[in-house]
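Reader: I am new to this one and would like to know how its descriptions are reached. Could you walk me through them?

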Amino acid sequence: MEMFQVTDVYRAQESRYDTMEYRRCGNSGLRLSAVALGLWHNFGGYDVYDNARNIVRRAFDMGVTYFDLANNYGPPFGSAEETFGRILRQDLAPYRDEVVIATKAGYTMQPGPYGRCGSRKYLLASLDASLRRMGLGYVDIFYHHCMDPETPLEESMGALAQAVHSGKALYVGLSNYSPEQAEQAARLLKEMGVPCLIEQSRYHMLEREPEKELFPALRKNGVGFCAFSPLAQGILTGKYNRGIPEDSRAGGKSIYLTKDRLASFDLEQVRRLEKVAEQAGISLTELALRWALRLPEVATLIVGARTPEQLEQNVRAVQAGPLECACLEQIERILL
Ligand code: NDP
C-alpha cells in the first residue's frame, strides 16, 4: 500500500480546482464539490491521526471543498471534530475560506434531556460545543441531524435560524427528514428569513427512495440535496462480492455494517452491476458514484474513506462526469 508522506508544512496543490466539478446547491449561490468527504468513520479518537490527516489533505488537494461532520462522529463522540480541528490548525487554516465545513446535531450526543433530539436548548449548545472542538468561529452549514417529533418544528427551525442570525453558521440544512417534514421545515425557515440550503439523506443504487417524493419536494422549494453513503458503506465497491475482507466495515470494523445487515442486501444484484461496470471498462465504484450524480438535484456525494487511496479512487471516479444512457438502461433493468 502506498503511504503518503506527512510533511510538516502543507501547501495545497495548485491544480486542485482543475478537474473537480462544482455543483450549485439548490437555488443558493453556494457550489459544492461533486465529491465531499464525510468524517463519520476513521477520524475518531481511536483512529490513526496521520492517516486521517492524509485523507483530508489528499481530499483538499484533489478539489474536495466540502467536509461533513457531526457532533457525535467518533468514537468517542466529538472526537472526529477534534481531529478535524487539529488538521485545520496544522494544515488547512490558511485555506479556511476555500472549504465548506458542516456539522450536525440531533442524535444522541450526551446523557440527559439536553443531549439529543431537537430542542433549541440542545441544538444551540451543541453548535457552540462543535465550534469549540474544531476551533472555529463559524461553520458553513449547520444541520438538524434528524427530525424530532416531540419538539415543535418551529422550535427546531428557530434554533437553526438563530445559528445563522448569530453568525455561527452561514447556511442551514436538514438530514433524514421525510419529504413532508422537509417541505414544512423549508417553509418555516423561509418565513424566518433563512432559506434551507440542503437536505442530506441516504441515496445510492440500492436505496432510491428519495427519488419518489423527496427530490420533487426539494426541487419545488429550491433546496439542494446531498447523498450520504453513496457506496452503500462499501457494498457498491464490490468488496463483498466474493466474501468479507477482514479489514472492511462488515469485517468487524463498524457497528453500522454488521454481517447481519450486510446479509439484508441482494449481493447477486451487486454482482450483476459489477458486470455492467466491467463491460463499460470501469470499476463498480465508478459506476455507482457516476450513477448517483446523474440527476441535477444531487449537489454532492458524501463519501467515506479509510485510506487516502480509497479517497483518490472515489474522486477520480467522478472525473468523467455523470453516467450516460447506455449503461443507465442496463442498470435500470437490474435495479427494477
Ligand atoms: P460510503 O458509502 O462512501 O462508504 C465508505 C466506506 O466504503 C469506506 O469507509 C470504506 O470502508 C469503503 N470504501 C470507500 N471507498 C472505497 C474504495 N474506493 N474502495 C474500497 N472501499 C471503499 O460512505 P459512508 O457510509 O462512510 O458515509 C459517508 C458520509 O456520509 C459520512 O462520513 C457522513 O459524513 C455522512 N453520513 C450521514 C448520515 C446522516 O444521518 N446524515 C448517516 C451516514 C453517513 P472499509 O472500511 O470497508 O474499507
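**Strands, core and ligand**

Author: Gladly! In this predicted model, alanine 36 stands opposite isoleucine 302 in strand E10.

Reader: What makes E3 and E10 a pair of strands?

Author: Pairing takes at least two bridges. Strand E3 (residues 35–38) is joined to E10 by three bridges, so the two count as paired, and they run parallel.

Reader: Why is the sheet called a barrel?

Author: Eight strands close up in the order E3-E4-E5-E6-E7-E8-E9-E10, with parallel pairing. On average, neighbouring strands of this sheet are turned by 30 degrees against each other, direction ignored.

Reader: Which helix packs on the sheet, and which strands does it touch?

Author: That is helix H3 (residues 120–134), touching strands E5 (100–105), E6 (139–144) and E7 (169–175). The direction of H3 makes about 140 degrees with that of E5.

Reader: Which residues of the largest nonpolar core touch the most other members?

Author: Among its 98 residues, they are Ala36, Leu37, Ile141, Val172 and Leu301. Helix H11 (residues 284–292) gives the largest share of this core, six residues.

Reader: What is leucine 37 in contact with, beyond its neighbours within four places in sequence?

Author: Its partners include Val56, Phe67, Val303 and Leu311. Contact requires C-beta atoms within 7 Å, so each of these meets that cut-off with leucine 37.

Reader: How do the residues around the ligand divide?

Author: Nine are nonpolar, 16 polar and five charged. Of the 30 residues there, Gly38, Trp40, Phe228, Gly234 and Gly304 come nearest. Glycine counts as polar, so Gly38, Gly234 and Gly304 belong to the polar group.

Technical notes: Residues are numbered from 1 along each chain as its sequence is written. This is a predicted model: local features need pLDDT of at least 70, side-chain atom pairs count only at pLDDT 80 or more; totals for chains, interfaces and linings use all residues. A nonpolar core is a set of buried Ala, Val, Leu, Ile, Met, Phe, Trp, Tyr and Cys residues joined through C-beta atoms within 7 Å. A residue is buried if 20 or more other C-beta atoms lie within 10 Å of its own, exposed if 12 or fewer, and partly exposed in between; C-beta atoms are placed from the backbone. Helices (H or I, at least four residues) and strands (E, at least two) are DSSP runs, numbered from the N terminus. Two residues are in contact if their C-beta atoms, placed from the backbone, lie within 7 Å. A residue is near a molecule or strand if its C-beta atom, placed from the backbone, lies within 6 Å of it. Axes are lines fitted to C-alpha atoms, for helices over the stretch in contact, and angles run from 0 to 180 degrees between N-to-C directions.
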